[in-house]
Amino acid sequence: MASYSFPDDFTWGVATASYQIEGAVAEDGRKPSVWDTFSETSGRVLNGDTGESACEHYHRYKEDIALMAQLGIKHYRFSIAWPRIVPTGIGPVNEAGIDFYKRLVDCLQEHGITPHATLFHWDSPQALEDRYGSWRSREMAQAYADYVSAVVSRLGDRITHWMTINEISCFTHMGYAANQIPVHAPGTTVKTLKEVWQTSHHAVLAHGLGCQAIRAASPGPCSVALVDNFTTTVPLIESSEHIAAAQKAFGSLMSNGGIIFPVLTGAYNPDLLEKLGADAPDIQDGDLENIHQPLDAIGLNIYFGSYVQASDNQQGYEVLDFPVGYPRMHMPWLHIVPESIYWSIRHISETLGRPDLPVFITENGCAAQDELRPDGTVIDSDRIMYLRQHLKSAQRAISEGYPLKGYFLWTFMDNFEWAWGYDRRFGIIYTDYPTQARIPKVSYHWYSECIRQNRVV
Ligand code: GCO
């Protein structure tokens, strides 16, 4: 077996999200999402950028899918925009919105590319924020499930790989911040930590109701997964005591104990509930059963990990800050910790006790200060370094027998990077926004070679 090689059936893909690439925010019946409102609010997004045009993918999808086919991927993860499908959040379905995704998926399948659809990637209908504060209301969970039923009943003949929700902690804990400036839409400052956790609980409940809606509406067999960006705890030294410390620390961290734990184990992590005390969410009878639905896979968005070492303090571990000079990519939080992929998979298998559950890396990638050279090339050797190290960590997990089944690189092309606007470039394709030209970076060709040889090159 060549060094750093992958199984023959390994899923190689790329990932995107609707609001970040589509544009066409007022076409064919789409109504505003909370991200339209947030990005149009002065001071919320760097340089006043919005997703109004983004990468114009809504109209350029055929060109983009041809580039995906040239790349050599057979799998593509994208998200479906709720405001295209049910523009006012609840009520009538906009068939023109469905028709766009039918065109998109038919084009993918013409190129032999399998669609993997995320049903919610943060662009919820503004109408529901106006109606009852979106995820602050328990009603949002059922509204989401009804939207999911509408999508799957119409697209389930074309799409059989479904992901319910992307990164719950981002649009709850970062979108509804207690007494601080929220950095995500809807950008609502709530007064108490309990409100944040109640919001998070409604989203976790929505995931469970969404799983049931998918399985009820799908015309045939399908796979259902959650996509989470939990905080990976990485032992600074791979010895038994530091590994045990990293595993104990894993469950006590906010987005881990309150999201992946109830989804995979049926209970909030007890250490977290103890830490939250009166700020813990109110949980109604039946909620945890609804949340703890069987999953066919788990999707992990892996960007960084926190190093942990054993400690003789009361909790037995110390989660370490990064030294000021620790290497990072072009985002303040994007420290380079390749082992985070390997340890994320071990946490699913061991810390959460789910060695049976297939794992997909549904996002991994980095922003880099890409320069378009006069000769029209982008030599992003830093991104190749980052991706190469992370893929080696992924291959290590497979070589040790962990059930890693696929990798979706974030992201296919530079796009709207939320509150950072277009200032941060994560793509393996350079998007020249004034002309909307797509310019493959060297990392595009490198990733294509990894796929062709089915190993890390
Ligand atoms: C996320 C989102 C993506 C981001 C990417 C870079 O993981 O935050 O899923 O939409 O653009 O991760 O921040």
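How many Å separate an oxygen atom of the ligand from an N or O atom in the side chain of Q20? Select both: the separation is 2.6 Å.

Before moving on, note what is on screen. This is a predicted model, in which local features need pLDDT of at least 70, side-chain atom pairs count only at pLDDT 80 or more, and totals for chains, interfaces and linings use all residues. Residues are numbered from 1 along each chain as its sequence is written, and side-chain values use heavy atoms, with hydrogens and water left out.

**Stop 1: the ligand**

Stay with the ligand and show its polar contacts (pairs of N or O atoms within 3.5 Å; within protein, one must be able to donate a hydrogen and the other to accept it, and residues adjacent in sequence count only if both atoms are side-chain atoms). Y303 places a polar side-chain atom 2.8 Å from a ligand oxygen. N166 does so at 3.1 Å. On its own the ligand has 320 Å² of accessible area, and the protein covers 95% of that. Such areas come from the Shrake-Rupley method with a 1.4 Å probe; for residues, only the protein chains shown count as cover.

Now select the shell. It holds 13 residues, and the closest are Q20, E167, Y303, E363 and E417. Here a residue is near the ligand if one of its heavy atoms lies within 4 Å of it. The shell divides into six nonpolar, four polar and three charged residues. In this scheme Ala, Val, Leu, Ile, Met, Phe, Trp, Tyr, Cys and Pro are nonpolar, Asp, Glu, Lys and Arg are charged, and the others, Gly among them, are polar.

**Stop 2: the loop between β13 and β14**

Go to R424. It sits in the loop between β13 (404-410) and β14 (429-432). Helices (H or I, at least four residues) and strands (E, at least two) are DSSP runs, numbered from the N terminus. A polar side-chain atom of R424 lies 2.8 Å from the backbone oxygen of H330. Is R424 buried or exposed? R424 counts as buried, because its relative accessibility is 12%. Buried means under 20% relative accessible area, exposed over 50%, and partly exposed in between (1.4 Å probe, protein chains only).

T411 belongs to the loop between β13 and β14 too. Select W410 and T411: the peptide bond from W410 to T411 is cis, with omega near 5°.

**Stop 3: another cis bond**

Jump to A185 and P186. A cis peptide bond joins them, with omega about 5°. P186 is in the loop between β5 (176-178) and β6 (188-190).

**Stop 4: positive phi**

Most residues other than glycine have a negative phi, and most peptide bonds are trans. Select A54, which is not a glycine yet has a positive phi of about 50°. Look for A54 in the loop between α2 (34-40) and α3 (57-71). A54 counts as buried, because its relative accessibility is 4%.

Next, N454. Its phi is positive, about 55°, although N454 is not a glycine. N454 falls in the segment after α16 (442-453). With a relative accessible area of 14%, N454 is buried.

**Stop 5: two pairs to finish**

Pick Q395 in helix α15 (residues 381-399). Q395 is buried at 9% relative accessible area. Add I341: the C-alpha atoms of Q395 and I341 are separated by 9.5 Å, with their positions 54 residues apart along the chain.

Last, P338, in the loop between β11 (317-319) and α14 (339-351). P338 counts as buried at 17% relative accessibility. Draw a C-alpha to C-alpha distance from P338 to G305: 8.3 Å in space, 33 residues apart in sequence.
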